Amino acid sequence: MKTYAIATIPGDGIGKEVVPAGRQVLEAIADSSSGFRFAFENFDWGGDYYRQHGVMMPADGLDSLRHKDAILFGSAGDPDIPDHITLWGLRLKICQGFDQYANVRPTRILPGIDAPLKRCKPEDLNWVIVRENSEGEYSGVGGRVHQGHPIEAATDVTMMTRAGVERVMRFAFKLAQSRPRKLLTVITKSNAQRHAMVMWDEIALQISKEFPDVTWDKEIVDAATARMVNRPATLDTLVATNLHADILSDLAAALAGSLGIAPTGNIDPERRYPSMFEPIHGSAFDIMGKGLANPVGTFWSCVMLLEHLGEFDAAQRLMGAIEQVTANPTLHTGDLGGKATTAQVTQAVCNLLGTAEQRLAA
Ligand code: IPM
Ligand code: MG
(Lines give C-alpha, C1' and ligand atoms only; values in the text may rest on other atoms or scores of the structure.)
(Ligands and ions follow the chains in the order given, each with its own letter.)
Protein backbone atom coordinates (compact mmCIF):
# COMPACT_ATOMS: atom_id res chain seq x y z
CA MET A 1 0.00 0.00 0.00
CA LYS A 2 1.27 3.45 -0.91
CA THR A 3 1.81 5.97 1.88
CA TYR A 4 1.87 9.65 1.01
CA ALA A 5 3.82 11.96 3.31
CA ILE A 6 1.79 15.11 3.86
CA ALA A 7 2.93 18.22 5.74
CA THR A 8 0.16 20.22 7.39
CA ILE A 9 0.80 23.90 8.18
CA PRO A 10 -2.30 25.46 9.75
CA GLY A 11 -0.62 28.87 10.13
CA ASP A 12 -2.83 31.59 11.59
CA GLY A 13 -6.46 32.48 12.24
CA ILE A 14 -9.03 30.05 10.89
CA GLY A 15 -6.19 28.10 9.24
CA LYS A 16 -5.96 26.40 12.65
CA GLU A 17 -9.54 25.19 12.24
CA VAL A 18 -9.79 24.32 8.57
CA VAL A 19 -6.50 22.44 8.24
CA PRO A 20 -7.38 19.87 10.95
CA ALA A 21 -10.77 19.56 9.22
CA GLY A 22 -8.96 18.91 5.93
CA ARG A 23 -6.80 16.30 7.56
CA GLN A 24 -9.88 14.57 8.96
CA VAL A 25 -11.42 14.42 5.51
CA LEU A 26 -8.18 13.14 3.95
CA GLU A 27 -8.05 10.42 6.60
CA ALA A 28 -11.64 9.49 5.81
CA ILE A 29 -10.91 9.26 2.09
CA ALA A 30 -7.86 7.08 2.75
CA ASP A 31 -9.96 4.83 5.04
CA SER A 32 -12.50 4.44 2.29
CA SER A 33 -9.91 3.67 -0.39
CA SER A 34 -7.98 0.44 -0.55
CA GLY A 35 -4.91 1.76 -2.35
CA PHE A 36 -3.22 4.38 -0.19
CA ARG A 37 -2.82 5.99 3.18
CA PHE A 38 -1.37 9.21 4.54
CA ALA A 39 1.42 9.95 7.01
CA PHE A 40 0.87 13.47 8.33
CA GLU A 41 3.40 15.74 9.98
CA ASN A 42 2.20 19.02 11.43
CA PHE A 43 4.23 22.23 11.60
CA ASP A 44 3.19 24.97 14.06
CA TRP A 45 4.67 27.84 12.05
CA GLY A 46 3.02 31.25 11.77
CA GLY A 47 2.24 34.20 14.03
CA ASP A 48 2.57 32.38 17.38
CA TYR A 49 5.85 30.87 16.27
CA TYR A 50 7.00 34.37 15.31
CA ARG A 51 6.19 35.73 18.78
CA GLN A 52 8.34 32.99 20.34
CA HIS A 53 11.20 32.79 17.86
CA GLY A 54 11.18 36.05 15.91
CA VAL A 55 10.68 34.22 12.61
CA MET A 56 7.61 32.72 10.96
CA MET A 57 9.36 29.41 10.30
CA PRO A 58 12.79 28.01 11.22
CA ALA A 59 15.76 28.65 8.93
CA ASP A 60 15.86 24.99 7.89
CA GLY A 61 12.06 24.85 7.51
CA LEU A 62 12.14 24.09 3.80
CA ASP A 63 14.31 21.06 4.48
CA SER A 64 11.62 19.55 6.71
CA LEU A 65 9.16 19.86 3.83
CA ARG A 66 11.40 18.99 0.90
CA HIS A 67 10.69 15.28 0.85
CA LYS A 68 6.96 15.42 1.49
CA ASP A 69 4.55 14.42 -1.27
CA ALA A 70 2.41 17.51 -0.70
CA ILE A 71 1.70 20.33 1.74
CA LEU A 72 -1.70 21.35 3.10
CA PHE A 73 -1.56 25.00 4.18
CA GLY A 74 -4.09 27.09 6.13
CA SER A 75 -3.30 30.79 6.09
CA ALA A 76 -0.66 33.31 7.10
CA GLY A 77 -1.70 36.61 8.65
CA ASP A 78 -1.83 37.96 12.19
CA PRO A 79 -3.48 41.11 13.55
CA ASP A 80 -0.32 42.04 15.48
CA ILE A 81 2.34 41.34 12.86
CA PRO A 82 2.74 43.32 9.62
CA ASP A 83 1.31 41.46 6.64
CA HIS A 84 4.48 41.61 4.60
CA ILE A 85 6.31 39.75 7.39
CA THR A 86 3.76 36.96 7.72
CA LEU A 87 3.50 36.63 3.95
CA TRP A 88 7.17 36.76 3.00
CA GLY A 89 8.24 34.82 6.09
CA LEU A 90 6.10 31.77 5.46
CA ARG A 91 3.83 31.35 2.48
CA LEU A 92 5.98 33.08 -0.11
CA LYS A 93 9.08 31.48 1.36
CA ILE A 94 7.59 28.10 0.58
CA CYS A 95 6.12 29.07 -2.82
CA GLN A 96 9.34 30.68 -3.98
CA GLY A 97 11.69 28.26 -2.21
CA PHE A 98 10.02 25.34 -3.95
CA ASP A 99 9.55 27.25 -7.22
CA GLN A 100 5.80 26.54 -7.22
CA TYR A 101 5.38 28.73 -10.25
CA ALA A 102 1.88 27.78 -11.29
CA ASN A 103 -0.90 28.79 -8.95
CA VAL A 104 -4.11 27.14 -10.03
CA ARG A 105 -7.48 28.52 -8.92
CA PRO A 106 -10.60 26.71 -10.12
CA THR A 107 -14.00 28.37 -9.68
CA ARG A 108 -17.43 26.86 -10.11
CA ILE A 109 -20.83 27.56 -8.62
CA LEU A 110 -21.32 24.44 -6.51
CA PRO A 111 -24.79 22.91 -6.06
CA GLY A 112 -26.93 24.72 -3.49
CA ILE A 113 -24.87 27.91 -3.57
CA ASP A 114 -26.70 31.15 -4.17
CA ALA A 115 -24.32 33.09 -6.41
CA PRO A 116 -24.77 36.86 -6.78
CA LEU A 117 -25.09 37.14 -10.59
CA LYS A 118 -28.76 37.06 -11.50
CA ARG A 119 -28.41 35.94 -15.08
CA CYS A 120 -25.54 33.49 -14.59
CA LYS A 121 -26.49 29.82 -14.59
CA PRO A 122 -24.14 27.46 -12.73
CA GLU A 123 -22.96 25.96 -16.04
CA ASP A 124 -21.97 29.45 -17.27
CA LEU A 125 -19.26 29.81 -14.68
CA ASN A 126 -16.61 27.10 -14.81
CA TRP A 127 -13.21 28.73 -14.78
CA VAL A 128 -9.64 27.96 -13.88
CA ILE A 129 -7.34 30.88 -13.29
CA VAL A 130 -3.63 30.18 -13.67
CA ARG A 131 -1.65 32.69 -11.65
CA GLU A 132 2.05 33.23 -12.31
CA ASN A 133 3.39 32.51 -8.86
CA SER A 134 7.12 33.11 -8.85
CA GLU A 135 7.88 36.60 -10.10
CA GLY A 136 6.04 39.54 -11.69
CA GLU A 137 4.76 42.10 -9.22
CA TYR A 138 5.62 39.78 -6.30
CA SER A 139 9.27 39.40 -7.24
CA GLY A 140 10.38 41.36 -4.17
CA VAL A 141 12.65 43.56 -6.27
CA GLY A 142 12.70 47.15 -5.12
CA GLY A 143 13.53 49.14 -2.07
CA ARG A 144 13.14 52.28 0.01
CA VAL A 145 15.59 55.10 0.25
CA HIS A 146 15.73 58.28 2.32
CA GLN A 147 13.35 56.76 4.84
CA GLY A 148 11.62 59.32 6.98
CA HIS A 149 12.90 62.27 4.94
CA PRO A 150 10.79 64.38 2.62
CA ILE A 151 12.65 62.95 -0.37
CA GLU A 152 11.78 59.37 0.60
CA ALA A 153 11.24 57.09 -2.38
CA ALA A 154 10.09 53.48 -2.76
CA THR A 155 9.89 51.05 -5.66
CA ASP A 156 8.40 47.64 -6.31
CA VAL A 157 9.70 46.45 -9.62
CA THR A 158 7.75 43.98 -11.72
CA MET A 159 10.28 41.41 -12.83
CA MET A 160 9.37 39.13 -15.70
CA THR A 161 11.78 36.67 -17.18
CA ARG A 162 11.38 34.96 -20.54
CA ALA A 163 11.83 31.55 -18.89
CA GLY A 164 9.30 32.43 -16.18
CA VAL A 165 6.65 33.59 -18.64
CA GLU A 166 7.22 30.73 -21.08
CA ARG A 167 6.78 28.08 -18.42
CA VAL A 168 3.58 29.49 -16.99
CA MET A 169 2.14 30.07 -20.48
CA ARG A 170 2.97 26.51 -21.47
CA PHE A 171 1.35 25.25 -18.28
CA ALA A 172 -1.79 27.30 -18.95
CA PHE A 173 -2.09 26.21 -22.59
CA LYS A 174 -1.65 22.59 -21.50
CA LEU A 175 -4.31 22.96 -18.83
CA ALA A 176 -6.70 24.60 -21.29
CA GLN A 177 -6.02 21.77 -23.74
CA SER A 178 -6.98 19.21 -21.09
CA ARG A 179 -10.38 20.83 -20.51
CA PRO A 180 -13.36 20.13 -22.77
CA ARG A 181 -13.62 23.63 -24.27
CA LYS A 182 -9.88 24.00 -24.98
CA LEU A 183 -10.24 27.73 -24.47
CA LEU A 184 -7.65 30.07 -22.98
CA THR A 185 -7.83 33.79 -22.25
CA VAL A 186 -4.50 35.53 -21.71
CA ILE A 187 -4.94 38.50 -19.37
CA THR A 188 -2.71 41.45 -20.12
CA LYS A 189 -2.19 45.16 -19.62
CA SER A 190 0.16 45.81 -22.51
CA ASN A 191 -1.82 48.89 -23.48
CA ALA A 192 -0.34 50.69 -20.49
CA GLN A 193 2.67 48.68 -19.36
CA ARG A 194 4.92 48.71 -22.31
CA HIS A 195 7.84 46.47 -21.39
CA ALA A 196 7.08 43.42 -19.31
CA MET A 197 3.48 43.06 -20.47
CA VAL A 198 4.48 43.42 -24.12
CA MET A 199 6.95 40.57 -23.67
CA TRP A 200 4.19 38.61 -21.91
CA ASP A 201 1.95 39.04 -24.98
CA GLU A 202 4.72 38.07 -27.39
CA ILE A 203 5.45 34.92 -25.42
CA ALA A 204 1.74 34.02 -25.32
CA LEU A 205 1.66 34.17 -29.12
CA GLN A 206 4.85 32.11 -29.37
CA ILE A 207 3.63 29.38 -27.01
CA SER A 208 0.20 29.28 -28.66
CA LYS A 209 1.89 27.82 -31.75
CA GLU A 210 2.66 24.68 -29.74
CA PHE A 211 -1.06 24.23 -29.07
CA PRO A 212 -2.89 24.59 -32.38
CA ASP A 213 -5.99 22.90 -30.94
CA VAL A 214 -6.41 25.51 -28.17
CA THR A 215 -8.54 28.55 -29.02
CA TRP A 216 -7.18 31.61 -27.27
CA ASP A 217 -7.72 35.32 -26.97
CA LYS A 218 -6.29 38.26 -25.09
CA GLU A 219 -8.16 40.45 -22.65
CA ILE A 220 -6.97 43.58 -20.89
CA VAL A 221 -7.26 43.03 -17.15
CA ASP A 222 -9.76 45.81 -16.43
CA ALA A 223 -11.99 44.69 -19.29
CA ALA A 224 -11.66 41.15 -17.97
CA THR A 225 -13.40 42.11 -14.71
CA ALA A 226 -16.40 43.38 -16.69
CA ARG A 227 -16.38 40.29 -18.90
CA MET A 228 -16.37 38.01 -15.86
CA VAL A 229 -19.53 39.72 -14.65
CA ASN A 230 -21.32 40.31 -17.97
CA ARG A 231 -20.26 37.35 -20.10
CA PRO A 232 -18.99 34.64 -17.75
CA ALA A 233 -19.69 31.82 -20.20
CA THR A 234 -17.15 33.20 -22.69
CA LEU A 235 -14.32 32.30 -20.30
CA ASP A 236 -12.84 28.94 -19.39
CA THR A 237 -9.11 28.90 -18.57
CA LEU A 238 -7.37 32.19 -17.82
CA VAL A 239 -3.71 32.97 -17.34
CA ALA A 240 -2.55 36.15 -15.66
CA THR A 241 0.37 37.75 -13.86
CA ASN A 242 0.84 37.31 -10.15
CA LEU A 243 -1.03 40.48 -9.11
CA HIS A 244 -3.66 40.48 -11.86
CA ALA A 245 -4.62 36.91 -11.03
CA ASP A 246 -4.64 37.67 -7.32
CA ILE A 247 -7.34 40.25 -7.92
CA LEU A 248 -9.29 38.34 -10.57
CA SER A 249 -9.41 35.22 -8.40
CA ASP A 250 -11.10 37.06 -5.53
CA LEU A 251 -13.67 38.37 -7.99
CA ALA A 252 -14.12 34.86 -9.36
CA ALA A 253 -14.62 33.43 -5.87
CA ALA A 254 -17.15 36.10 -4.98
CA LEU A 255 -19.07 35.50 -8.22
CA ALA A 256 -19.20 31.80 -7.35
CA GLY A 257 -20.85 32.59 -4.03
CA SER A 258 -18.17 32.81 -1.36
CA LEU A 259 -14.49 33.22 -0.74
CA GLY A 260 -14.93 30.42 1.81
CA ILE A 261 -15.24 27.82 -0.94
CA ALA A 262 -12.35 28.71 -3.22
CA PRO A 263 -9.32 26.41 -3.40
CA THR A 264 -5.77 26.82 -4.67
CA GLY A 265 -2.82 24.70 -5.64
CA ASN A 266 0.68 26.16 -5.68
CA ILE A 267 2.17 23.74 -8.14
CA ASP A 268 5.66 22.79 -9.15
CA PRO A 269 4.69 21.13 -12.45
CA GLU A 270 8.13 19.53 -12.76
CA ARG A 271 7.67 17.83 -9.39
CA ARG A 272 11.15 18.72 -8.17
CA TYR A 273 9.57 19.88 -4.90
CA PRO A 274 6.32 19.29 -3.04
CA SER A 275 3.33 21.34 -4.19
CA MET A 276 1.18 23.21 -1.68
CA PHE A 277 -2.60 23.32 -1.45
CA GLU A 278 -4.60 25.91 0.49
CA PRO A 279 -7.94 27.65 0.69
CA ILE A 280 -7.70 31.24 -0.58
CA HIS A 281 -9.80 32.84 2.16
CA GLY A 282 -7.00 33.94 4.48
CA SER A 283 -6.98 34.03 8.27
CA ALA A 284 -10.37 35.74 8.93
CA PHE A 285 -9.63 37.00 12.47
CA ASP A 286 -13.22 38.12 12.95
CA ILE A 287 -14.47 34.54 13.18
CA MET A 288 -11.37 32.68 14.30
CA GLY A 289 -11.54 30.28 17.22
CA LYS A 290 -15.34 30.04 17.06
CA GLY A 291 -15.72 26.92 14.95
CA LEU A 292 -17.60 28.85 12.29
CA ALA A 293 -15.11 28.76 9.41
CA ASN A 294 -16.21 27.24 6.15
CA PRO A 295 -13.96 24.21 5.57
CA VAL A 296 -15.13 23.70 1.97
CA GLY A 297 -12.26 25.75 0.47
CA THR A 298 -9.85 23.45 2.27
CA PHE A 299 -11.73 20.30 1.21
CA TRP A 300 -11.71 21.41 -2.42
CA SER A 301 -7.97 22.10 -2.02
CA CYS A 302 -7.69 18.49 -0.77
CA VAL A 303 -9.37 17.39 -4.01
CA MET A 304 -6.62 19.22 -5.91
CA LEU A 305 -4.01 17.60 -3.66
CA LEU A 306 -5.41 14.13 -4.43
CA GLU A 307 -5.42 14.89 -8.17
CA HIS A 308 -1.81 16.03 -7.91
CA LEU A 309 -0.94 12.70 -6.28
CA GLY A 310 -2.68 10.89 -9.14
CA GLU A 311 -5.50 9.60 -6.90
CA PHE A 312 -8.21 10.60 -9.37
CA ASP A 313 -10.87 8.21 -8.10
CA ALA A 314 -10.51 9.48 -4.53
CA ALA A 315 -10.45 13.07 -5.78
CA GLN A 316 -13.70 12.57 -7.65
CA ARG A 317 -15.38 10.90 -4.68
CA LEU A 318 -14.33 13.72 -2.36
CA MET A 319 -15.63 16.35 -4.80
CA GLY A 320 -18.89 14.43 -5.02
CA ALA A 321 -19.23 14.42 -1.23
CA ILE A 322 -18.46 18.17 -1.05
CA GLU A 323 -21.14 18.88 -3.66
CA GLN A 324 -23.71 16.78 -1.78
CA VAL A 325 -22.95 18.79 1.33
CA THR A 326 -23.14 22.22 -0.34
CA ALA A 327 -26.43 21.15 -1.91
CA ASN A 328 -27.90 20.95 1.60
CA PRO A 329 -28.56 24.47 3.03
CA THR A 330 -28.68 23.14 6.60
CA LEU A 331 -24.99 22.38 6.12
CA HIS A 332 -24.07 25.93 5.05
CA THR A 333 -21.73 27.97 7.25
CA GLY A 334 -22.24 31.67 8.02
CA ASP A 335 -20.46 32.97 4.91
CA LEU A 336 -23.17 31.22 2.88
CA GLY A 337 -25.96 32.53 5.09
CA GLY A 338 -26.30 29.33 7.12
CA LYS A 339 -25.72 28.27 10.72
CA ALA A 340 -23.62 25.13 10.36
CA THR A 341 -20.31 24.81 12.18
CA THR A 342 -16.96 23.71 10.79
CA ALA A 343 -17.32 20.42 12.68
CA GLN A 344 -20.79 19.69 11.29
CA VAL A 345 -19.73 20.27 7.70
CA THR A 346 -16.63 18.15 8.21
CA GLN A 347 -18.58 15.31 9.78
CA ALA A 348 -21.14 15.38 6.97
CA VAL A 349 -18.42 15.05 4.32
CA CYS A 350 -16.74 12.21 6.26
CA ASN A 351 -20.05 10.38 6.66
CA LEU A 352 -20.66 10.53 2.93
CA LEU A 353 -17.24 9.06 2.24
CA GLY A 354 -17.92 6.03 4.43
CA THR A 355 -15.31 3.32 4.94
CA ALA A 356 -13.89 0.84 2.45
CA GLU A 357 -16.07 -1.92 3.99
CA GLN A 358 -19.18 0.21 3.67
CA ARG A 359 -18.30 1.00 0.08
CA LEU A 360 -17.78 -2.65 -0.80
CA ALA A 361 -21.04 -3.62 0.89
CA ALA A 362 -23.00 -0.90 -0.87
C1 IPM B 1 -3.87 35.10 -2.16
C2 IPM B 1 -3.74 36.12 -1.06
C3 IPM B 1 -2.31 36.51 -0.82
C4 IPM B 1 -1.70 37.08 -2.07
C5 IPM B 1 -2.20 37.50 0.35
C6 IPM B 1 -2.62 36.85 1.64
C7 IPM B 1 -0.87 38.13 0.47
O8 IPM B 1 -4.52 37.22 -1.32
O9 IPM B 1 -3.30 34.02 -2.04
O10 IPM B 1 -4.56 35.37 -3.12
O11 IPM B 1 -1.87 38.24 -2.41
O12 IPM B 1 -1.00 36.35 -2.75
MG1 MG C 1 -5.67 37.06 -3.07
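User: How do you know that a polar side-chain atom of Arg91 is in polar contact with an oxygen atom of ligand 1?

Analyst: A polar contact is a pair of N or O atoms within 3.5 Å, and the Arg91 atom lies 3.2 Å from the ligand oxygen, so the pair qualifies. The model is predicted: local features need pLDDT of at least 70 and side-chain atom pairs 80 or more, while totals for chains, interfaces and linings use all residues. Residues count from 1 along each chain, chains are lettered from A and ligands numbered from 1 as written, and side-chain values use heavy atoms without hydrogens or water.

User: What makes Arg131 and Tyr138 partners of ligand 1 too?

Analyst: A polar side-chain atom of Arg131 lies 2.8 Å from a ligand oxygen, and for an N or O atom in the Tyr138 side chain the distance is 2.6 Å. The protein covers 70% of the 320 Å² of accessible area that ligand 1 has on its own (Shrake-Rupley method, 1.4 Å probe).

User: Which residue classes make up the shell around ligand 1?

Analyst: Two are nonpolar, none polar and four charged. Asp, Glu, Lys and Arg count as charged, and the residues around the ligand include Arg91, Arg105, Arg131 and Asp246.

User: How is the protein chain divided?

Analyst: Domain 1 is 1-103 + 263-362 and domain 2 is 116-255, with bounds from an automatic or database assignment. Their C-alpha centres lie 25 Å apart. The contact (heavy atoms within 4.5 Å) takes 12 residues from domain 1 and 15 from domain 2.

Definitions and conventions. A residue is near a molecule or strand if one of its heavy atoms lies within 4 Å of it. A polar contact is a pair of N or O atoms within 3.5 Å; within protein, one must be able to donate a hydrogen and the other to accept it, and residues adjacent in sequence count only if both atoms are side-chain atoms.
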